[in-house]
Amino acid sequence: MAEFTTNLVHGPAVNDNQTGAVATPVYKATTYAFSAIGAPVKYDYSRSGNPTRLAVEKQLATLEGGGQAFTFASGMAAIHAALAIFKAGDHIIVGNQIYGGTFRLFHQFFERWGLTFTSVDLRDPDQLAQAVQKNTKAIYFEPVTNPLLEVISVRQVADFAKAHHLLTLVDNTFLSPALMQPLKLGADIVIHSATKYLAGHSELSAGVVVANDPKLADQVYFIQNALGAILSPEGANELARGIKTLQLRINQQQANACQLVRFLKSRTEVDRVYYPGLPDQPGYATLQTEAKGAGAVVAFELTASQDPIKFVNHLRLFTRAVSLGAVESLVELPSKMSHAELSPTEQLAAGIKPGLIRLAVGIEDAKDLITDLSQAFTKANKKGA
């Protein structure tokens, strides 16, 4: 079997390519001919299957370490599909720090259809054990949480889930398969907003669900086909192109993130830094055994001397935008942007303070990023205002 980086570049071949093209062709057909009534066909309608989409799905399954992969039009569509395998009356345990859009989907959509959710700190075994009910079916979480970068052990949660006959669903967007492969740690389903690191260039919306068990895979495929929130052939082609450089990009992004963390820890304007990639940070030991790094998202809290809105508004290289995983560095104020769906009380309960800043570090020169942060600290100083 080839190594991970080789599998990024060399996806599965499409066998009906008659031209010798190196890249997988983009098959835009919406319907496919039957050779005869009753004859077996591999493809019949583009919603049900497409050669370009299938190629990248096979590649993603390989990168995640097995199972079957399914691509969707967005990360939220992927999460929707993964949760749609459950039925009314089922109960899901959820990590208490998840993406705001996921929180909204669970509580403003799925609760209407009879699912119930309990949010707990999955790092605490007692809280997890107490959350299990007779109708609990699964545990859903992000192994590196958004936006405080708390680390949850996939192996420990998966072991607990198996002992209680529960499924383990992991949103692996923050780390990508380049840094973590949750299926190999015991997870049953892995989800990605492929918009982020997998595509990597802020130009494609996509989502991925990878299921290890064939029965689970059949359920996810049924939902993909029935609901139809599929990734287009053009989108599948763009995703496949982005995947080729995943390792190169994330290596540079992660190296930059570590330099920025060291810089931020040295600044008096910063009250606290959140990044589990350095030995003095919580979660570091867990990531050392379960992942190849901590990724390239960094969060920090400004001291009372800094105006967080002015700080964000005065950054020049960091683009003010939600999302992450792209080649350019992004900055956001979670309380006003990615987690704005949460009420102020819900934000504080999740540890999201008004002065919390989240950086999604890109591939620029770290020296330039540090210079940009330095000048923003000066502009955001309340005493100098």
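Buried means under 20% relative accessible area, exposed over 50%, and partly exposed in between, using a 1.4 Å probe and protein chains only. This is a predicted model, in which local features need pLDDT of at least 70 and side-chain atom pairs count only at pLDDT 80 or more, while totals for chains, interfaces and linings use all residues. Residues are numbered from 1 along each chain as its sequence is written, and side-chain values use heavy atoms, with hydrogens and water left out.

Q: How many of the 5 residues of strand β2 are buried?
A: Let's start with β2, residues 91-95; strands (E, at least two residues) and helices (H or I, at least four) are DSSP runs, numbered from the N terminus. His91, Ile93 and Gly95 point one way from β2, Ile92 and Val94 point the other way, and all are buried. The strand is largely enclosed by the rest of the structure, because the buried count is 5 of the 5.

Q: Which residue of β4 stands opposite Ile92?
A: Two strands pair if DSSP finds at least two bridges between them. β2 and strand β4 (residues 136-141) pair in the parallel sense over 4 bridges. Opposite Ile92 in β4 stands Ala138.

Q: Which helix joins β2 and β3 in a right-handed β-α-β unit?
A: β2 and strand β3 (residues 116-120) run parallel, joined by 5 bridges, and Gly95 stands opposite Val120. A crossover is right-handed if, with the strands pointing away from the viewer, the path from the first strand over the helix to the second runs clockwise. Here the helix in the unit, residues 100-108, is α4.

Q: What do the end C-alpha atoms of α8 span?
A: The expected span of a helix is 1.5 Å times one less than its number of residues. Helix α8 (residues 214-227) has 14 residues, so the expected span is 20 Å. The model agrees, with the end C-alpha atoms apart by 20 Å.

Q: Which residue has a side-chain oxygen reaching the backbone nitrogen of Lys215 at the start of α8?
A: A polar contact is a pair of N or O atoms within 3.5 Å; within protein, one must be able to donate a hydrogen and the other to accept it, and residues adjacent in sequence count only if both atoms are side-chain atoms. Just after α8, Gly228 takes a positive phi of about 80°. At the start of α8, the oxygen lies within 2.9 Å of that nitrogen and belongs to Asp213.

Q: Is Arg358 buried or exposed?
A: Arg358 sits in strand β12, and a polar atom of its side chain lies 3.0 Å from the backbone oxygen of Ser323. Contact means heavy atoms within 4.5 Å, and the residues Arg358 touches, not counting those up to four places away in sequence, include Asn146, Phe174 and Glu332. Because its relative accessibility is 3%, Arg358 counts as buried.

Q: Which element gives the most residues to the largest nonpolar core?
A: A nonpolar core is a set of buried Ala, Val, Leu, Ile, Met, Phe, Trp, Tyr and Cys residues joined through side-chain atoms within 4.5 Å. Of the 90 residues in the largest one, those touching the most other members include Ile139, Phe311 and Leu373. With 8 residues, the element that gives the most to this core is α10.

Q: Where does Leu373 lie?
A: Leu373 touches Leu260, Phe263 and Leu264, among others, not counting residues up to four places away in sequence. The buried residues of one helix, residues 366-379, pack against α10, β8, β9, α12 and β12. Leu373 is one of the buried residues of that helix, α14.
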